[in-house]
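Dear colleague,

I am handing over the structure we spoke about, with the sequence alongside, and below it you will find my notes on what turned up. Please read them with the model open in front of you.

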Amino acid sequence: MKSLPQAQAEFLRVLAARIVPETVELDSAGQGRFFSIIDEALQDRDETVRRQFGVFLGVVRWASLFRYGGPLEKLSAERQDAVLHWFEDCPVSLLRKGFWGLKAMVFM
């Protein structure tokens, strides 16, 4: 993946599994296509937007530290869902919009 470092791409895969559970069943070709679609979408964006997307992935990953004591990928499925639902309905519009943009990427 050209647009994201490997660690962020792996975290994106974790998020995708929570947002669209069917992504867990993708074989290696399917996963490659998934990342290719997202990579193409990010490559079409300005460098600033790509950087913001990476920062937002970090915010989503570490926001759970304050409530649950660990990064999102280390939490139970129920707690991961709780964190993601919070972002989905977040009172801070910037975070809410970022999450809906993330969901749009995953659904592509």
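Is glutamate 88 buried or exposed? Before you rely on the answer, please keep in mind that this is a predicted model. With a relative accessible area of 15%, glutamate 88 is buried, since the cut-off for that class is under 20%. Glutamate 88 belongs to helix H4, and once its neighbours within four places in sequence are set aside, its contacts are Arg96, Phe99, Trp100 and Lys103.

The chain as a whole

The secondary structure amounts to five helices and zero strands, and reading along the sequence gives the pattern α-α-α-α-α. The radius of gyration is 13 Å, close to the 13 Å expected from the globule rule for 108 residues, so the chain is as compact as a globular protein of that length. Taken along the principal axes, the box filled by the C-alpha atoms is roughly 35 × 30 × 20 Å.

As for burial, 36% of the 108 residues count as buried, while the area that the chain exposes is about 6500 Å², of which carbon and sulfur atoms supply 55%. If one takes the contacts between residues at least 6 apart in sequence, 60% of them join residues at least 24 apart. The charged side chains number 14 positive and 14 negative, and the centres of these two sets lie 6 Å apart.

Salt bridges

How many salt bridges does a search of the whole structure find? The search returns seven, and I describe some of them here.

Within helix H1, which covers residues 6–19, arginine 13 and glutamate 10 are three residues apart, about one turn of the helix, and their side chains meet in a salt bridge with an N to O distance of 2.8 Å. Both partners are partly exposed, arginine 13 having a relative accessible area of 35% and glutamate 10 one of 31%.

A second pair reaches between helices: arginine 18 forms a salt bridge with aspartate 81, and the closest N and O atoms are 2.8 Å apart. Because arginine 18 lies in helix H1 and aspartate 81 in helix H4 (residues 77–88), this pair ties together parts that are 63 residues apart in sequence. Here too the two side chains are partly exposed, with relative accessible areas of 27% for arginine 18 and 24% for aspartate 81.

In helix H3, which runs over residues 47–68, glutamate 47 and arginine 51 are four residues apart, again about one turn of the helix. Their side chains meet in a salt bridge at 3.7 Å, N to O, which falls under the limit of 4 Å used for such pairs. Glutamate 47 is partly exposed at a relative accessible area of 40%, and arginine 51 is likewise partly exposed, at 47%. Through salt bridges that share partners, Glu47, Arg50 and Arg51 are joined into one network.

Two further residues

Which residues does phenylalanine 11 contact, leaving aside its neighbours within four places in sequence? They are Leu57, Val60, Arg61, Leu72 and Glu73. Phenylalanine 11 sits in helix H1, and its relative accessible area of 6% places it among the buried residues. Serine 36 is 25 residues away from phenylalanine 11 along the chain, and the C-alpha atoms of the two are separated by 15 Å.

Arginine 79, by contrast with the buried phenylalanine 11, counts as partly exposed, at 40% relative accessibility. The place of arginine 79 is in helix H4, and between arginine 79 and serine 64, which are 15 residues apart in sequence, the C-alpha to C-alpha distance is 8.6 Å.

To look at these points in the model, you could begin with the pair of arginine 18 and aspartate 81, which links helix H1 to helix H4, and then turn to glutamate 88, also in helix H4, with its contacts to Arg96, Phe99, Trp100 and Lys103.

With best regards

Conventions. Residues are numbered from 1 along each chain as its sequence is written. This is a predicted model: local features need pLDDT of at least 70, side-chain atom pairs count only at pLDDT 80 or more; totals for chains, interfaces and linings use all residues. Side-chain values use heavy atoms; hydrogens and water are left out. Helices (H or I, at least four residues) and strands (E, at least two) are DSSP runs, numbered from the N terminus. Buried means under 20% relative accessible area, exposed over 50%, partly exposed in between (1.4 Å probe, protein chains only). The radius of gyration is taken over C-alpha atoms; the globule rule is 2.2 Å times the number of residues to the power 0.38. Contact means heavy atoms within 4.5 Å. Accessible areas come from the Shrake-Rupley method with a 1.4 Å probe; for residues, only the protein chains shown count as cover. Lys and Arg count as positive and Asp and Glu as negative; His and the chain ends are not counted. The place of a charge is taken as NZ of Lys, CZ of Arg, CG of Asp or CD of Glu.
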